[in-house]
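Please look over the sequence and the model below before reading on. The paragraphs after it go through the structure part by part.

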Amino acid sequence: MEESTLQSKAIHPSAPSHSAKSTVKQEDAALRLYLDECCGVIAYTGKLLLECGGEVGRVEYLMEKIGKSFDKIDQVTPFAILTGIMVTVSSGSQFATKIVRIYGISNNLSRLREINALANDLSKHPQTPLTVAKRLEKIVETPKYKPWQTVLFASIGAGGFGFFFYETLPGIACVFLIGALVQLVGNWFDRYQINRFLKILCEAFIATIACKLAALWVAGTHFDKMLLSVLMLLVPGMTLTNSLRDTVSGNYVSGMSRLTEALLVGVSIAMGSAIALTLL
């Protein structure tokens with residue numbers, strides 16, 4: 001009788017206890033929650049980078065770098081284009097995926113620099129996803145340039161181009177003031193979130209009229225040099241640069257998208273100036 005009982009136990013080993021199964025399920029649930037948290041932080045980082053004007057290759061690199069700094073993460077697979085981001089993180093057999101939509105892109109080199117420094121710091125001193133999220137929020141809350149500062153910088157930039165184009169001192173003074181006027185118009189459009197191309201068209205229109213009036217009323221000034229100096233503020237230099245970098249690195253979709261955007265900005269500038277010259 002005892003021998004038959006032993007044989008029965010050998011053939012039918014006891015199943016795992018209910019508590020062991022419950023522990024495994026809790027661990028799997030905790031890991032999935034952790035992966036979701038990591039995935040959200042990585043996707044949010046990519047969103048901030050793209051919205052600040054970062055090129056796609058750099059965005060994907062920093063996303064992967066930050067993701068691999070987290071504990072338990074085996075693989076990070078980011079994919080970014082100008083209108084959206086998708087990232088997948090995995091740990092063993094568990095994985096999580098996050099998709100984020102991008103609605104607008106601007107230029108914020110200061111924020112790009114701070115996020116890049118954060119990624120470099122995390123590669124040396126890893127932190128939890130919650131801590132990284134708080135650091136990202138702190139970067140986002142960093143105040144941008146005040147409106148009067150942007151007006152001042154635009155004036156200095158326009159005046160510098162006037163000096164570069166060998167404009168006379170009266171012309172440079174006019175360019176300084178017109179640059180401030182154009183930036184004030186741009187700030188007003190940004191406040192109400194009006195279409196970017198319409199904003200640039202209006203800025204070019206106002207710049208052309210102001211330069212024409214300055215050339216008529218102020219002696220010793222040159223209309224063409226003043227107009228070129230002011231319109232240089234509207235040229236999408238960073239967009240063109242990122243377009244070339246994305247294309248060279250193999251991100252053809254983003255590269256062509258940025259190139260199309262730059263061409264549309266150029267068309268907006270030309271249309272604004274042409275309408276003003278036609279009216280004058």
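What follows is a guided reading of a predicted model, moving from the interior to the strands, the charged pairs, the surface and the loops.

The interior is a good place to begin. The largest nonpolar core holds 36 residues, and within this core Ile42, Leu50, Phe70, Ile73, Val87, Val89 and Val132 are the ones that touch the most other members. Helices and strands both contribute to this core, since at least two residues each are supplied by α2, α3 (56-68), β1, β2, β3 (94-101), α4 (109-124) and α5 (129-140). Among these elements it is α2 that gives the most, with 11 residues. Val132 may serve as an example of how such a residue is surrounded: leaving out residues up to four places away in sequence, Val132 touches Val41, Phe70, Leu118, Leu122 and Gln127. Apart from this core lies another one, of 18 residues, which includes Cys174, Val175, Leu231 and Leu234.

The strands β1 and β2 can be taken next. Strand β1 covers residues 75-81 and strand β2 covers residues 84-91; the two run antiparallel and are joined by seven bridges. A hairpin of two residues leads from β1 to β2, and within the pairing Thr77 stands opposite Thr88 of β2. The two faces of β1 can be told apart by their cover, for Val76, Pro78 and Ala80 make up the covered face, whereas Gln75, Thr77, Phe79 and Ile81 make up the uncovered one.

Pro78, on the covered face of β1, deserves a closer look. Pro78 counts as buried because its relative accessibility is 15%, under the 20% cut-off. Leaving aside the neighbours within four places in sequence, the residues in contact with Pro78 are Glu60, Met63, Glu64, Met86 and Val87. Pro78 can also be compared with Cys39, from which it is separated by 39 residues in sequence and by 9.9 Å in space, taken from C-alpha to C-alpha.

We turn now to the charged pairs. Side chains of opposite charge can pair when their charged atoms come close. The structure holds seven salt bridges, and one of them joins Glu51 to Lys47, with 2.8 Å between the closest N and O atoms. Both Glu51 and Lys47 belong to helix α2 (residues 18-51), where they are four residues apart, about one turn of the helix. Lys47 has a relative accessibility of 22% and therefore counts as partly exposed.

A second salt bridge brings together the side chains of Lys199 and Asp190, at 3.3 Å from N to O. The partners fall into separate classes of exposure: Lys199 is buried, because its relative accessible area is 14%, while Asp190 is partly exposed, because its relative accessibility is 44%.

Another salt bridge is formed by Arg196 and Glu261, whose closest N and O atoms are 2.1 Å apart. This pair links distant parts of the chain, with Arg196 in helix α8 (residues 196-217) and Glu261 in helix α11 (residues 252-279), 65 residues apart. Arg196 counts as partly exposed at 30% relative accessibility, whereas Glu261 is buried, with a relative accessible area of 17%.

On the surface, which residues make the nonpolar patch of about 780 Å²? The patch is made by Tyr145, Trp148, Leu152, Phe153, Ile156, Phe176 and Leu177. Helices α6 (147-164) and α7 (169-191) each supply at least two residues of the patch, and its largest share, four residues, comes from α6. Leu152 is one of the residues in helix α6, and with a relative accessible area of 35% Leu152 is partly exposed.

Two loop residues complete the reading. Most residues other than glycine have a negative phi. Tyr166, however, has a positive phi of about 60° although it is not a glycine, and Tyr166 lies in the loop between α6 and α7. Gln193 likewise has a positive phi, near 55°, and is found in the loop between α7 and α8. Is each of these residues buried or exposed? Tyr166 counts as exposed because its relative accessibility is 68%, and Gln193 counts as exposed because its relative accessibility is 73%.

Conventions:
Residues numbered from 1 in each chain as written. Predicted model: local features only at pLDDT ≥ 70, side-chain atom pairs only at ≥ 80, totals over all residues. Heavy atoms only, no water. Patch = residues over 30% accessible without salt bridge, like charges linked within 9 Å, V, L, I, M, F, W, Y side chains within 5 Å. Areas by Shrake-Rupley, 256 points an atom, 1.4 Å probe, with all protein chains shown as cover. Salt bridge = Lys/Arg side-chain N within 4 Å of Asp/Glu carboxyl O. Buried < 20%, exposed > 50% of the residue type's maximum accessible area, 1.4 Å probe, protein only. Pairing = 2+ DSSP bridges. Contact = heavy atoms within 4.5 Å. Core = buried A, V, L, I, M, F, W, Y, C linked by side-chain atoms within 4.5 Å.
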